[in-house]
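Please read the points below with the structure open beside you, and look up each residue as it is named. They are arranged as a colleague's note, beginning with the ligand and then moving on to single residues.

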Amino acid sequence: METIPGNLNEIQSVIAGKAKLIAISKTKSKEEILKVYDTGFRAFGENKVQELVAKWKELPKDIEWHMVGHLQTNKVKYIAPFVSKIHSVDSLRLLRMINKEGKKNMRVIPCLFQMHIAREESKFGLSMEELLELLSSEDFRNLGNIRMDGVMGMATLINDEKTIIREFKHLKQIFDQIKQKYFDSSPGFIDISMGMSHDYKIALEEGSTMVRIGSAIFGSRKN
Ligand SMILES: *Cc1c(COP(=O)(O)O)cnc(C)c1O
């Protein structure tokens, strides 16, 4: 019989230390999350601020919480005190707000640039042009309470391996390019967050260092 800890074990053995696993627990109950927690696993991710805050409040405080969904500037304040990493930075305006809230909380908040690598269907993420503009702005260089750790991207939701491979290769290429040019002296710029339940094996082949897996661990979601 399949169990949540069983699924987790199987996925960990496929990942085999090549990437860090973030268990995406959106829509899942406290009890379901605790089944994973009780195996010693600590890295969870959510895509909605309200749900993230509620779970942070009621679950053990040694959980490392990742924000992987679209983030509105006016909601940054709710997660700034505790969030481990924000995967979904898609504007300088958002980054400025994260910086401001980081300062208020006397901490440096780790972030990733979310890149738009898929076809039209996904609305979120930076284009290469927008990323380069952000990176070269003086404003960006003056943000002392954020730390950029790498990039995140989602491939097109499609059952076509070639497309997915091409999109993941593109993200890896963006990472290599900006690491060399802008983050050469940042030893912590190491994250390529790519790969979900249906495509994480491909992502691992293409150089992912962080996979975000929900339904393959917890079972499918109803909504
Ligand atoms: C839901 C979600 C995931 C995980 O999706 P699964 O298909 O359940 O593995 C990963 N990343 C983001 C940004 C998500 O919203």
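1. Sorted by class, the shell around the ligand consists of five nonpolar, four polar and three charged residues. The residues that surround the ligand are Ile24, Lys26, Asn47, Val68, Met154, Met196, Ser197, Arg212, Ile213, Gly214, Ser215 and Arg221. Please keep in mind while you read that this is a predicted model, and that the distances and areas in this note are therefore to be read as values for a predicted model.

2. Where in the protein does the ligand sit? The ligand is found in the largest pocket. Three short distances help to describe its surroundings in detail. A polar side-chain atom of Ser197 lies 2.5 Å from an oxygen atom of the ligand, while a polar backbone atom of Gly214 is 2.8 Å from an oxygen atom of the ligand, and for a polar backbone atom of Ser215 the distance to an oxygen atom of the ligand is 2.8 Å. On its own the ligand has 390 Å² of accessible area, and the protein covers 92% of this.

3. Ser25 belongs to the loop that runs between strand 1 (20-24) and helix 2 (30-37). Is Ser25 buried or exposed? Ser25 counts as buried because its relative accessibility is 0%, and the cut-off for this class is under 20%. The side chain of Ser25 also makes a polar contact, at 2.7 Å, with the side chain of Glu46.

4. Thr27 is placed in the loop between strand 1 and helix 2, and its backbone deserves a careful look. The phi angle of Thr27 is near 70°, which is a positive value in a residue other than glycine. Thr27 counts as partly exposed because its relative accessibility is 40%, a value that belongs to the class in between under 20% and over 50%.

5. A positive phi can also be examined at Ala16, a residue in the loop between helix 1 (4-15) and strand 1. Phi of Ala16 is near 45°, and Ala16 is a residue other than glycine. With a relative accessibility of 54%, Ala16 counts as exposed, since the cut-off for that class is over 50%.

6. His66 lies in strand 3, and at 1% relative accessibility His66 counts as buried. Which residue has a side chain joined to that of His66 by a polar contact? The partner is His87, and the contact between the two side chains is 2.9 Å.

7. Pro60 is found in the loop between helix 3 (49-58) and strand 3 (64-67). Its relative accessible area is 24%, so Pro60 is partly exposed. Between Pro60 and Glu120 there are two separations to note, as the residues are 60 residues apart in sequence and, C-alpha to C-alpha, 39 Å apart in space.

8. Ala80 has its place in the loop between helix 4 (76-79) and strand 4 (85-89). Ala80 is buried, because its relative accessible area is 1%. How many residues apart in sequence are Ala80 and Glu138? They are 58 residues apart in sequence, and in space they are 23 Å apart, again taken from C-alpha to C-alpha.

Notes. Residues are numbered from 1 along each chain as its sequence is written. This is a predicted model: local features need pLDDT of at least 70, side-chain atom pairs count only at pLDDT 80 or more; totals for chains, interfaces and linings use all residues. Side-chain values use heavy atoms; hydrogens and water are left out. A residue is near a molecule or strand if one of its heavy atoms lies within 4 Å of it. A polar contact is a pair of N or O atoms within 3.5 Å; within protein, one must be able to donate a hydrogen and the other to accept it, and residues adjacent in sequence count only if both atoms are side-chain atoms. Accessible areas come from the Shrake-Rupley method with a 1.4 Å probe; for residues, only the protein chains shown count as cover. On a 1 Å grid over the protein atoms alone, a cavity is a set of points where a 1.4 Å probe fits but cannot get out, and a pocket is an open set with protein on both sides within 12 Å along at least five of seven lines; lining residues have an atom within 4 Å of a point. A molecule sits in a cavity or pocket if more than half of its atoms lie within 2 Å of its grid points. Ala, Val, Leu, Ile, Met, Phe, Trp, Tyr, Cys and Pro count as nonpolar, Asp, Glu, Lys and Arg as charged, and the others, Gly among them, as polar. Helices (H or I, at least four residues) and strands (E, at least two) are DSSP runs, numbered from the N terminus. Buried means under 20% relative accessible area, exposed over 50%, partly exposed in between (1.4 Å probe, protein chains only).
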